[in-house]
Structure formats: structure tokens, C-alpha cells
Amino acid sequence: MKFNTKTIHGGQHNIDPAYGAVMPPIYQTSTYSQTSPGAHKGFEYSRSANPTRTALENSLASIENGKFGLAFGSGLAAIDAVLKLLKPGDEVISTNDLYGGSYRLFTSIFEDLGIKFHFVGMENTKAVEAKINSNTKLIWAETPTNPMMNVIDIEALAKLSKKHNLLLAVDNTFATAYLQQPLNLGADLVMHSATKYLGGHSDVVMGSLVVKDKALADKLYFIQNASGAIAGPMDSFLVLRGIKTLHLRMQRHSENGRAVAEYLNTHPKVEKVYWPGLENHPNHAIAKKQMKDFGGMVSFTTKGNNYEDAIKFTEKVKVFTLAESLGGVESLAGHPASMTHASIPKEEREKTGVVDSLIRLSVGIEDETDLIEDLKQALG
Ligand code: P1T
């Protein structure tokens with residue numbers, strides 16, 4: 001099945017044996033009747049499994065070309081489940097530029113539980129290898145990174161992780177399975193904040209994991225059920241519905257992303273534009289190789305690196321909404337240093353480029369001319 005068919009039909013069979021509904025019903029139930037203890041129709045209690053969530057989990061596995069999908073109450077809950085595979089003394093090598101909440105989870109929760117994290121610019125695979133030792137268990141790669149849009153060579157990392165017997169997890173939130181499929185490139189695990197492009201309509205918070213390996217899936221399912229951070233049935237329905245238009249939305253996000261990046265790239269007040277589709281992007285070659293297109297996330301800085309100018313811009317936009325999050329149909333603007341990445345110490349975030357004038361745009365699927373007009377007036 002091709003990707004554009006998988007988004008609609010992948011993993012969806014015998015959806016509603018009762019009435020033949022085309023969409024799975026929202027099974028808003030916590031429990032299921034049994035005719036005798038243990039005699040049931042495959043569902044016992046909705047933390048362990050729920051038919052609407054199962055329908056979504058099958059769809060997730062299908063679009064990522066994996067075998068097993070798991071849906072969690074948020075992206076961070078999904079990451080939390082992955083980290084619970086580890087034991088005190090284990091070490092993780094993570095992207096140095098990543099979502100602030102992931103950084104906070106790593107350094108403020110799991111470091112206290114005895115896990116050691118190394119934050120590395122993963123565009124350079126040799127820098128990753130230099131951090132590997134006998135305690136290393138996991139490589140955590142976000143690509144493109146949030147918010148600097150660095151692109152990491154997944155295939156190269158997969159070779160490295162296989163050589164050293166490590167688990168390679170890729171946070172695929174910015175690209176989605178439409179633009180890149182980490183499991184096909186050798187990763188062991190794909191994670192999503194499904195809150196973003198998978199849901200696609202800014203109306204749900206959810207996370208997901210997809211893997212190919214049964215033993216790994218069993219461990220993660222055990223953690224999901226034992227820790228309990230599951231996605232609810234209504235939210236599962238919404239994300240399943242969102243995925244059905246993922247391919248169409250990602251095409252338009254990428255087209256509008258290009259229009260916005262190219263406009264900003266020629267604007268006299270703009271210092272630097274970060275979008276992997278621009279030929280002057282330092283990782284353009286690898287982005288072109290591993291991604292189908294370049295997506296709708298665009299970051300930029302203004303000349304003079306002035307905090308007040310950035311704040312003024314965020315206050316003046318009208319079609320773009322100043323808000324956290326990304327990946328919905330509507331365009332959003334954010335100021336990472338004071339919003340999404342405020343939990344990263346200033347010296348740390350500035351090392352990776354998250355300076356005071358940095359603006360991050362989640363370019364939506366509106367008409368491109370309205371978006372450009374809005375940027376023009378806000379920068380003016
Ligand atoms: O918000 P949540 O669904 O828990 O997902 C966390 C997360 C994980 N990974 C990436 C790459 C993310 O961007 C996020 C969430 N990010 C935002 C809320 C944001 O505005 O960047």
C-alpha cells in the first residue's frame with residue numbers, strides 16, 4: 001500500500017463489526033463485560049487496551065512502516081516510557097538542540113534517577129561516536145531539531161547504533177512519516193508528539209511510539225500499561241481522523257514553508273533563516289536525501305539580535321497566532337527563548353543558536369499571499 005492510501009486505510013480492517021461504521025466508534029468506556037473471568041472479546045480494561053486507541057495504534061504503525069504502535073497521553077509521556085527502559089548508570093546521547101520539555105524531562109527527572117545524558121550536535125556523527133562508552137544504551141535524535149532545524153543523518157546514526165548495540169530513537173514530530181520514515185533508515189523506534197502534525201488541528205495533546213521489534217514492543221507495552229499514561233478514546237479518534245489528511249496537509253505545509261523561508265531570506269531586516277529546504281542550509285544535502293520535502297517549520301533571527309524587536313514582531317502578527325505548539329492547519333509564531341525553550345538555561349540554549357531574536361514559525365495551510373503579507377507588516 002502506498003503512503004497516501006495508508007494514511008486513510010493503514011491498519012484499519014473490520015472497523016465496526018456491529019454496524020459497518022466507516023470510522024471506528026469512540027469507545028468511551030473504561031471496562032468490558034466478561035461472560036466468565038477472562039472470557040471477553042479482547043478488551044478487559046481501557047488502560048490496557050481500548051478499541052478506538054487500538055485502531056489509531058494500528059494506523060500509526062502502518063504510516064511509519066513499523067509493526068507496533070502505542071499511543072500515550074502526550075509526547076512527553078511517550079518519551080518518558082522510552083526512558084523507563086533504562087536503569088541507573090545507563091547513559092543516553094541526545095541531540096543538543098531539542099524541544100525544551102524533552103530536555104527538562106531528561107535533566108530534571110531522569111538525571112536524578114541515575115541516568116546520564118550527553119548533549120551533542122548530531123549533524124557530526126563522529127561527535128556522537130566520541131561519547132559512546134560501555135554504559136551507553138540509547139541515542140535520542142530529534143530531526144529536524146526544534147527550533148534550529150538541524151537535520152541529522154539517520155542512516156549514519158543507525159549504522160553507529162548497530163555497531164555499538166544501542167537503541168536508536170528518532171523524534172519525528174517535525175517531519176512526520178510523510179516526509180521521512182526513520183524505521184526505513186534503520187532506527188529502532190520512532191516517537192511523535194501527535195499533538196502536532198498527526199493530529200493537525202490543534203485540538204488534542206497526544207504522543208506515540210512505533211517500533212518493528214516484538215520484544216521491544218512488549219517492553220514498551222508493559223511500561224504503557226504499568227505506568228498508565230495512555231491516550232483516551234476521544235483523542236485517539238481525533239488523531240486517527242487527522243492522519244487521514246496528513247499527506248495533503250504536509251504537501252501544503254511544505255509549499256507554504258518554502259514561500260515563507262524564501263521571503264524571509266531576502267528581507268533586509270532578517271539576519272538568518274533556518275529551513276532545511278534552502279540551499280544555504282548547512283544540512284541541505286542530507287535533508288534532500290532523507291526527506292521527501294522540507295516541511296512547514298521555519299525559524300529566523302533579526303539583525304541586531306534584539307529581544308525587543310522579536311517581542312514586537314510576535315505582538316504584531318495577525319494571521320500568525322502567537323502561541324506555543326506547532327503542526328496545526330493555522331500558522332503560529334513563537335519566541336523559543338521565552339516560551340518553548342525557556343526551561344533550557346540561557347548559556348546552554350545560546351550555544352545551539354536559541355538567541356533572544358530567534359522566532360519560530362509553524363507555517364500553516366492558509367493562502368501563502370496572506371502569510372507573506374502578514375510577515376511583511378509585522379517586520380515593518
Ligand atoms: O507537548 P507534547 O505532546 O508532550 O510533546 C512534546 C514534544 C516532543 N518532541 C517535540 C519535537 C516537540 O516539539 C514536543 C512539543 N513541542 C511544543 C509544544 C512546541 O511548541 O515546541
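Visitor: Which elements each supply at least two residues of the shell around the ligand?
Guide: Welcome! This is a predicted model. In it, the shell around the ligand draws at least two residues from each of two named elements. One is a helix that we will visit again shortly, and the other is the strand at 189-193; they are α3 and β6.

Visitor: How many charged residues does the shell around the ligand have?
Guide: The shell can be split by class. Five of its residues are nonpolar and eight are polar. The charged residues number five.

Visitor: Which residues come nearest to the ligand?
Guide: There are 18 residues around the ligand. From these, five come nearest: Asp-171, Ser-193, Thr-195, Ser-325 and Arg-360.

Visitor: How far does a polar side-chain atom of Ser-193 lie from an oxygen atom of the ligand?
Guide: Let us look at some polar contacts, where N or O atoms lie within 3.5 Å. A backbone N or O atom of Leu-76 is 2.9 Å from a ligand oxygen, and a side-chain N or O atom of Arg-360 is 2.8 Å from a ligand oxygen. For the polar side-chain atom of Ser-193, the distance to a ligand oxygen is 2.8 Å.

Visitor: How much of the ligand's accessible area does the protein cover?
Guide: On its own, the ligand has 480 Å² of accessible area. The share of this covered by the protein is 93%.

Visitor: Why is helix α3 described as largely enclosed?
Guide: Helix α3 spans residues 75-83, nine in total. Among its buried residues are Gly-75, Asp-80 and Leu-83. The helix is largely enclosed by the rest of the structure because the buried residues number eight of the nine.

Visitor: Are the rings of Phe-106 and Phe-119 stacked or edge-to-face?
Guide: The model has nine aromatic pairs. In this one, the ring centres of Phe-106 and Phe-119 are 6.5 Å apart and the planes meet at 25 degrees. Planes under 30 degrees apart count as stacked, so this pair is stacked.

Visitor: Where in the chain are Phe-106 and Phe-119?
Guide: They belong to distant parts of the chain, 13 residues apart. Phe-106 is in helix α4, while Phe-119 is in strand β3.

Visitor: Is Phe-119 buried or partly exposed?
Guide: Its partner Phe-106 has 0% relative accessibility and counts as buried. Phe-119 has 27%, and buried requires under 20%. Phe-119 therefore counts as partly exposed.

Visitor: Which residues form one aromatic cluster with Phe-106 and Phe-119?
Guide: The cluster includes both of these Phe residues. Joining them are Tyr-103, Phe-117 and Trp-140.

Note on methods: Residues numbered from 1 in each chain as written. Predicted model: local features only at pLDDT ≥ 70, side-chain atom pairs only at ≥ 80, totals over all residues. Heavy atoms only, no water. Buried < 20%, exposed > 50% of the residue type's maximum accessible area, 1.4 Å probe, protein only. Helix = DSSP H or I, 4+ residues; strand = E, 2+ residues; numbered from the N terminus. Phe/Tyr/Trp six-rings, centres within 6.5 Å; stacked < 30°, edge-to-face > 60°. Near = heavy atom within 4 Å. Polar contact = N/O pair within 3.5 Å; in protein donor to acceptor, adjacent residues only side chain to side chain. Areas by Shrake-Rupley, 256 points an atom, 1.4 Å probe, with all protein chains shown as cover. Nonpolar A, V, L, I, M, F, W, Y, C, P; charged D, E, K, R; others polar.
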